[in-house]
Amino acid sequence: MRIVIALGGNALLRRGQPMTAENQRANIRAAAESIAQVVPGNEIVVAHGNGPQVGLLALQAAAYHEVAPYPLDVLGAQTEAMIGYVIEQELGNLLPSDQSLATLLTMIEVDRNDPAFASPTKPIGPIYDQETAERLKAARGWAIAPDGDNFRRVVASPKPKRIFEIRAIRSLVERGTIVICAGGGGIPTVYDEAGLLHGVEAVIDKDLASALLAEQLDAQLLVIATDVDGVYTDWGTPRQAQLGRVAPAELLGLDLPAGSMGPKVQAACDFAQSTGNEAVIGSLTDIAKIVAGDAGTRVRT
């Protein structure tokens with residue numbers, strides 16, 4: 001079975017953890033242990049988030065005043081390589097020595113007229129208290145939005161339209177390679193009025209990009225791995241209840257947070273509706289159970 005596994009931010013950095021290389025490697029090692037269980041007999045493609053990492057690089061670049069900070073598309077490319085490198089190592093340490101792995105920098109086309117550019121929603125970087133967030137907003141011209149009891153920088157999150165490297169990804173998968181790609185939603189690129197391709201200041205939602213990736217690869221299963229074991233109704237109340245098997249129409253009718261579960265549900269429904277195959281939202285630690293059909297919120301038409 002061909003499976004696309006989209007790793008949520010908790011696979012790289014847990015909420016509140018310092019963004020050290022050691023913490024990120026430890027979390028990726030745990031994710032690799034879950035993924036390694038489903039490699040035998042399957043074709044695996046791994047996508048991942050990069051919000052904290054690209055935000056950290058942006059902060060580091062802003063601290064150096066000799067040159068202008070690098071744009072978000074370049075920082076996205078850097079994090080794709082950085083995170084893919086660690087995922088490759090940790091998976092390689094768990095799998096047979098003849099298992100090939102590859103990380104592909106992945107450019108994804110977006111529409112330069114996407115309305116998302118006028119309404120930033122995608123959180124990146126660390127969390128701040130309100131006072132610090134307001135100060136950074138004034139000093140750097142950032143858009144800031146609530147994140148739980150704290151605040152984070154938000155940037156435009158246009159919809160993914162086309163994956164430029166899809167043929168290379170498919171070729172590698174068909175030859176038995178585990179491919180790490182579309183990291184952080186891929187590198188956002190647009191065609192300008194002259195028909196030239198270039199990067200754009202944005203971050204594509206990783207789950208929506210993963211759904212497009214799974215569709216274009218003819219995957220039989222999309223696994224959206226996160227830090228909860230499924231989608232819940234009435235989350236955070238005494239009435240909360242996990243959804244098991246569910247149709248896209250039922251899920252899309254729920255009122256879910258745009259910055260967290262909302263894109264995951266939209267991605268799962270997009271994949272299920274476009275392919276007729278199954279998408280599952282569930283816990284990173286339950287990947288083997290998800291693939292076996294025994295865990296997660298399972299979305300199918």
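This passage describes strand pairing and burial in a predicted model.

An open sheet is formed by four strands in the order 8-4-10-11, and its pairing is mixed. The edges of this sheet are occupied by strand 8 (162–163) and strand 11 (197–199); each has a single partner strand, so one side of each is left without a neighbour in the sheet. The partner relation of strand 8 can be specified further: strand 4 (residues 107–109) pairs with strand 8 in the antiparallel sense, over two bridges. Within strand 4, I108 is placed opposite I163 of strand 8.

A second set of pairings centres on strand 12. Strand 1 (residues 2–7) and strand 12 run parallel and are joined by five bridges. One of the residue pairs in this arrangement is formed by V4 and L222, the latter being the bridge partner in strand 12. Strand 12 is also joined to strand 16 (residues 278–283), here by six bridges, and these two strands likewise run parallel. In this pairing, L221 stands opposite E278 of strand 16.

The burial of strand 12 was examined next. Six of the six residues of this strand (residues 221–226) are buried, that is, under 20% relative accessible area, so strand 12 is largely enclosed by the rest of the structure. In a regular strand, side chains alternate between the two faces of the sheet. In strand 12, L221, V223 and A225 point one way, whereas L222, I224 and T226 point the other way, and all are buried. L221, which stands opposite E278, and L222, the bridge partner of V4, thus belong to the two oppositely directed sets.

Technical notes. Residues numbered from 1 in each chain as written. Predicted model: local features only at pLDDT ≥ 70, side-chain atom pairs only at ≥ 80, totals over all residues. Heavy atoms only, no water. Pairing = 2+ DSSP bridges. Buried < 20%, exposed > 50% of the residue type's maximum accessible area, 1.4 Å probe, protein only.
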